[in-house]
Amino acid sequence: MIDSGSIKKTFLDELKAAASLSELQQVRIKYIGKKGLLTAQLKSLSAMPAEEKRSFGKAVNELKGLVESELASKESALGNADLKKRLESEAIDVTLQGKYTPVGREHPINKVLREIEDIFVAMGFGIEDGPQVELDYYNFEALNMPRDHPARDMQDTFYITDDVILRTHTSPVQIRVMEKKKPPMRFIAPGKVYRCDADISHTPMFHQVEGLMVDADISFSGLKGVLETFIHRMFSPETPVRFRPSFFPFTEPSAEVDIGCIFCKGMGCKVCKGTGWLEILGAGMVNPRVFEMVGYNPEIYTGFAFGMGVERITMLKYGIDDIRLFFENDIRFLRQF
Ligand code: PHE
């Protein structure tokens, strides 16, 4: 015979002690599982005489009903507690600062390089490229600087072998393009150049943009027009421009081009050393000797060439006083562009 009072009591005690859903599951199995206490009693009913069956059956079924409803309410209580615990542990403080992912940006030198390219492309110039590890022939010889020429002293060359060097300027691209193509032509050649030199205004690697235009009747006034247009777009339309006689072995006549000092507006200051002018590029009419080196007839063709330092132009445009800042990668500097 079932002692429903004592089963009920132990069940309720165990129910109360169950502190988790898995402990509760153990209690369920113990009482109403396949081999549970109450299940066994229900099974034993079939072997009982009729009148016993009625009262016993009723008691067991009542107890089973109680067990099931108690289990169900404890289960939902434990479930709620679990959920509450999980919500608390996974809570997100939406007032906390988010994680910051820094976004990179264009280096000031690349930015100015692109502006220079855009200005010349708008004037119909193409863009050419050449090797940074260059033959002595292209860097010097074909540009009218033979081995014993004193003008080679102007450029502190990195030698790899007697014949192979790091290019000291972008002018060798003039020769390489003229060897491959026939006039008319106009292009710029931006790129890295190397000189053994390092101080506040020199780094061993820097950038130049070369320019070359060749046709049957290219004149010095064409050179002036192109460079003035470039300067007025790069700086401002009011910027004064001055051509000063100079010397390069590969141009004749040659000039250095100055702009009115953008810091003192020509009054004279520390940056322009009191002159009111800042030198920004070298230029000239292609020397007939250079045309002969590439097999162009100097009686038919004339041309102009120019070369500018990108770091220098960037420094003037943004008022930067130390070229080394471009290559130190201090994020506080780079962020300003
Ligand atoms: N290559 C010269 C330099 O680096 C600049 C230049 C280029 C001058 C083209 C005249 C013509 O100083």
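These are my notebook entries on a ligand site, a helix pair and some backbone details.

**Ground rules.** I am working on a predicted model, where local features need pLDDT of at least 70, side-chain atom pairs count only at pLDDT 80 or more, and totals for chains, interfaces and linings use all residues. Residues are numbered from 1 along each chain as its sequence is written, and side-chain values use heavy atoms, with hydrogens and water left out.

**Ligand.** I looked up the residues around the ligand, counting a residue as near if one of its heavy atoms lies within 4 Å. There are 14, and His-169, Ser-171, Arg-195, Gln-208 and Glu-210 come nearest. By class, I find 5 nonpolar, 7 polar and 2 charged residues in this shell. Here Ala, Val, Leu, Ile, Met, Phe, Trp, Tyr, Cys and Pro count as nonpolar, Asp, Glu, Lys and Arg as charged, and the others, Gly among them, as polar.

I then checked polar side-chain atoms against the ligand (a polar contact is a pair of N or O atoms within 3.5 Å). Ser-171 has one 2.9 Å from a ligand nitrogen. Arg-195 places one 3.0 Å from a ligand oxygen. Gln-208 also has one 3.0 Å from an oxygen atom of the ligand. The protein buries 91% of the 330 Å² that the ligand exposes when taken alone; these areas come from the Shrake-Rupley method with a 1.4 Å probe.

Which strands each supply at least two residues of the shell? I noted strand 5 (205-215), strand 8 (277-286) and strand 9 (302-309). Strand 9 gives the largest share, 3 residues. Helices (H or I, at least four residues) and strands (E, at least two) are DSSP runs, numbered from the N terminus.

**Helix pair.** Helix 2 (residues 21-32) packs with helix 3 (residues 37-44) at about 15°, axes 3 Å apart. The axes are lines fitted to C-alpha atoms over the stretch in contact, and angles run from 0 to 180 degrees between N-to-C directions. The two helices are therefore roughly parallel, a label for angles under 35 degrees. Lys-30, Tyr-31 and Ile-32 of helix 2 meet Leu-37, Leu-38 and Thr-39 of helix 3; contact means heavy atoms within 4.5 Å.

**Backbone.** Most residues other than glycine have a negative phi, and most peptide bonds are trans. I found a cis bond joining Pro-183 and Pro-184, omega about 5°. Pro-184 sits in the loop between helix 7 (172-180) and strand 4 (185-194). The bond from Glu-252 to Pro-253 is cis, with omega near -5°. Pro-253 lies in strand 7 (residues 251-260). Lys-265 has a positive phi, near 55°, and is found in the loop between strand 7 and strand 8.

Definitions and conventions
A polar contact is a pair of N or O atoms within 3.5 Å; within protein, one must be able to donate a hydrogen and the other to accept it, and residues adjacent in sequence count only if both atoms are side-chain atoms. Angles under 35 degrees count as roughly parallel, over 145 as roughly antiparallel, 65 to 115 as roughly perpendicular and the rest as oblique.
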